[in-house]
Amino acid sequence: MPGRGHASAPPLKTDAGLKYCPVTHYSRLSKIVIDVPEDVHEPELAFWQGALGLALTQYGQFPEYHGADLHGHDLGLLVQLLGGGLPRMHVDIHTDDLAAEVARLEALGAKRQFKAHASWWVMSDPAGLLFCVVPDEPGTLNDQNAQRWD
């Protein structure tokens, strides 16, 4: 697929002026996440199931999520039940090395916001838009389905 394969990271510096030293790892855009408060959660689920023709299955480990893989894509859709706040959307980046990917993204201008579920980072891009960096199962990311960063 175009855009996949090896990419050499340009010399970058973190906000603190420290030089970012790339660590070989993989990452990919994995999920589009629709975040909705409880009062519109059920109608939102029904809408996206109808719009995509897919059943969005509740996740056992994280029951606030309903999701499915999109046909013909290495991409999934999640509808997330929020505890509060306004509806919004964000993306999830999956990686085989959380620390290396977070450092790479920080060197590009992202900022850590908070750790979620004790295993992934909610970050913001330079415009302030939120996204998540999520560790993937070991061995699932490779040259065929993710970007390799050297």
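# Exercises on a predicted model

The protein exposes about 8500 Å², and carbon and sulfur atoms supply 58% of that area. The model is predicted.

## Exercise 1: overall layout

Task: State how many helices and strands the protein has, and in which order they come.

Solution.
1. The secondary structure comes to two helices and twelve strands.
2. Along the sequence, the order is β-β-β-β-α-β-β-β-β-α-β-β-β-β.
3. Of the 150 residues, 42% count as buried.
4. Among contacts with a separation of 6 or more, 61% are between residues 24 or more positions apart.

## Exercise 2: the nonpolar core

Task: List the residues of the largest nonpolar core, and name strands that supply at least two of them each.

Solution.
1. The largest nonpolar core has ten residues: Ile34, Val36, Leu45, Leu54, Leu56, Ala68, Leu70, Leu75, Leu77 and Val79.
2. Strand 4 (25-37) and strand 7 (76-82) each supply at least two residues of this core.
3. In soluble globular proteins, nonpolar side chains tend to be buried together.
4. Take Leu75, one of the core residues. Setting aside residues up to four places away in sequence, Leu75 touches Leu29, Ser30, Lys31, Ile32, Asp69 and Leu70.

## Exercise 3: pairing of strands 8 to 11

Task: For strand 11, find which strands pair with it and in which sense.

Solution.
1. Begin with strand 8 (residues 88-95), which pairs with strand 11 in the parallel sense over four bridges. Here Thr95 has Pro135 of strand 11 as its bridge partner.
2. Strand 10 runs antiparallel to strand 11, and four bridges join the two. Met123 stands opposite Phe131 in strand 11.
3. Strand 10 (residues 120-124) also pairs with strand 9 (residues 111-116), in the antiparallel sense and over five bridges. Met123 in strand 10 stands opposite Arg112.
4. Now look at the turns. The hairpin of strand 9 and strand 10 has three residues between the strands, and His117 takes a positive phi near 50°. The hairpin of strand 10 and strand 11 has five residues between the strands, and Gly128 in the turn has a positive phi of about 95°.

## Exercise 4: Pro126

Task: Decide whether Pro126 counts as buried or exposed, and find its contacts beyond four places in sequence.

Solution.
1. Pro126 sits in the loop between strand 10 and strand 11 (130-135).
2. Exposed means over 50% relative accessible area. Pro126 has 68% relative accessibility, so it counts as exposed.
3. Leaving aside neighbours within four places, Pro126 is in contact with Leu108 and Gly109.
4. Pro126 and Leu108 are 18 residues apart along the chain, and their C-alpha atoms are separated by 8.4 Å.

Technical notes
Residues numbered from 1 in each chain as written. Predicted model: local features only at pLDDT ≥ 70, side-chain atom pairs only at ≥ 80, totals over all residues. Heavy atoms only, no water. Pairing = 2+ DSSP bridges. Core = buried A, V, L, I, M, F, W, Y, C linked by side-chain atoms within 4.5 Å. Buried < 20%, exposed > 50% of the residue type's maximum accessible area, 1.4 Å probe, protein only. Contact = heavy atoms within 4.5 Å. Areas by Shrake-Rupley, 256 points an atom, 1.4 Å probe, with all protein chains shown as cover.
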